[in-house]
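Biologist: I'd love to go through this model with you, one question at a time. Could you show it to me and start with the terms we'll need?

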Amino acid sequence: MKKLKKSYAAIMAAIVLSFFLGQIVQAVTETPAAEPGSDGDPLVTQGYVDKKDNGLKSSIDKLNKQSKFIVLEVGAGKQLITGAGTEIVLRAGKAAAIRGSYGGLSDVTAGKDISSGVAIPYNHLLISSRDDGRGIKITAKVWVLVRGSYKIK
């Protein structure tokens with residue numbers, strides 16, 4: 001009986017030892033990890049990158065359109081009402097400022113505020129600081145450069 005117990009213990013020790021040796025051999029012989037960012041180790045799928053790239057291009061196009069001045073011809077008797085942050089430059093014609101609820105247009109070129117009824121000078125950069133009804137009233141057909149949101153009434 002003692003011999004049977006000793007051989008059982010030896011068999012169990014051999015099984016446990018072979019399991020651990022197998023684990024060690026497997027860890028040593030595994031192929032090393034692929035280089036990060038390589039084809040063998042992609043961080044994201046190509047489809048994901050393409051989708052994000054298209055969305056980014058669309059956003060850039062939209063920002064480019066918003067960052068450019070557009071040329072407008074507006075007839076006499078109309079009003080060009082600006083949104084917050086809109087920029088205006090009068091190039092030709094005649095217009096007067098329209099004051100909003102909280103103030104007039106900021107004449108960046110002259111460094112002053114333009115209140116209602118005051119004539120808009122040519123080639124001065126005007127900025128509307130709020131979306132509160134400010135803008136310009138056209139008294140004779142004008143050509144203006146506008147960057148930002150606006151409505152013509």
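Modeller: Happy to! Buried means under 20% relative accessible area, exposed means over 50%, and partly exposed is in between (1.4 Å probe, protein chains only). This is a predicted model, where local features need pLDDT of at least 70, side-chain atom pairs count only at pLDDT 80 or more, and totals for chains, interfaces and linings use all residues. Residues are numbered from 1 along each chain as its sequence is written, and side-chain values use heavy atoms, with hydrogens and water left out.

Biologist: Thanks! Is Val 142 buried or exposed?

Modeller: Val 142 is found in strand 7, residues 135-147; strands (E, at least two residues) and helices (H or I, at least four) are DSSP runs numbered from the N terminus. The relative accessible area of Val 142 is 0%, so Val 142 is buried.

Biologist: Which residues is Val 142 in contact with, leaving aside its neighbours within four places in sequence?

Modeller: Contact here means heavy atoms within 4.5 Å. Glu 73 is 69 residues from Val 142 in sequence, yet their C-alpha atoms are 5.7 Å apart. The contacts of Val 142 are Leu 72, Glu 73, Val 74, Leu 90, Ala 92, Gly 93, Lys 94 and Ala 95.

Biologist: Which element gives the largest share of the largest nonpolar core?

Modeller: A nonpolar core is a set of buried Ala, Val, Leu, Ile, Met, Phe, Trp, Tyr and Cys residues joined through side-chain atoms within 4.5 Å. The largest one has 16 residues, and Leu 80, Ile 120, Ile 136, Val 142 and Val 144 touch the most other members. Strand 1 (70-74), strand 3 (87-98) and strand 7 each give two or more residues to this core. The largest share, five residues, comes from strand 7.

Biologist: And Ile 120: what does Ile 120 touch, not counting residues up to four places away in sequence?

Modeller: Ile 120 is among the core members that touch the most others. As background, nonpolar side chains tend to be buried together in soluble globular proteins. The residues touched by Ile 120 are Leu 90, Ala 95, Ala 96, Ala 97, Leu 105, Ile 114, Leu 126 and Ile 136.

Biologist: How many bridges join strand 3 and strand 7?

Modeller: Two strands pair if DSSP finds at least two bridges between them. Strand 1 and strand 7 run antiparallel and are joined by five bridges, with Val 146 as the partner of Ile 70. Strand 3 and strand 7 also pair in the antiparallel sense, and Glu 87 stands opposite Arg 147 there. The count for strand 3 and strand 7 is ten bridges.

Biologist: Which residue in strand 8 is the bridge partner of Thr 82?

Modeller: Strand 2 (residues 79-82) pairs with strand 7 in the antiparallel sense over three bridges; there Leu 80 has Ile 136 as its partner, and Gln 79 stands opposite Lys 137. Strand 2 also pairs with strand 8 (residues 150-152), antiparallel and over three bridges. The partner of Thr 82 in strand 8 is Tyr 150.

Biologist: How far apart are N and O in the salt bridge between Arg 147 and Glu 87?

Modeller: A salt bridge is a side-chain nitrogen of Lys or Arg within 4 Å of a carboxyl oxygen of Asp or Glu. The side chains of Arg 147 and Glu 87 meet in one. Arg 147 lies in strand 7 and Glu 87 in strand 3, so the pair ties together parts that are 60 residues apart in sequence. Arg 147 is partly exposed at 23% and Glu 87 is buried at 15%, while the N to O distance is 2.7 Å.

Biologist: Which residue forms a salt bridge with Glu 73?

Modeller: Glu 73 is partly exposed, with a relative accessible area of 43%. The partner is also partly exposed, at 48%. Their N to O distance is 2.9 Å, and the partner of Glu 73 is Lys 141.

Biologist: How far apart are the closest N and O atoms of Asp 53 and Lys 57?

Modeller: Asp 53 and Lys 57 both lie in helix 2, four residues apart, about one turn of the helix. Asp 53 is partly exposed at 32%, and Lys 57 is partly exposed at 46%. Their salt bridge has its closest N and O atoms at 3.3 Å.

Biologist: Last one: how many salt bridges does the structure hold?

Modeller: We have met the pairs Arg 147 with Glu 87, Glu 73 with Lys 141, and Asp 53 with Lys 57. These are among the total, which is four.
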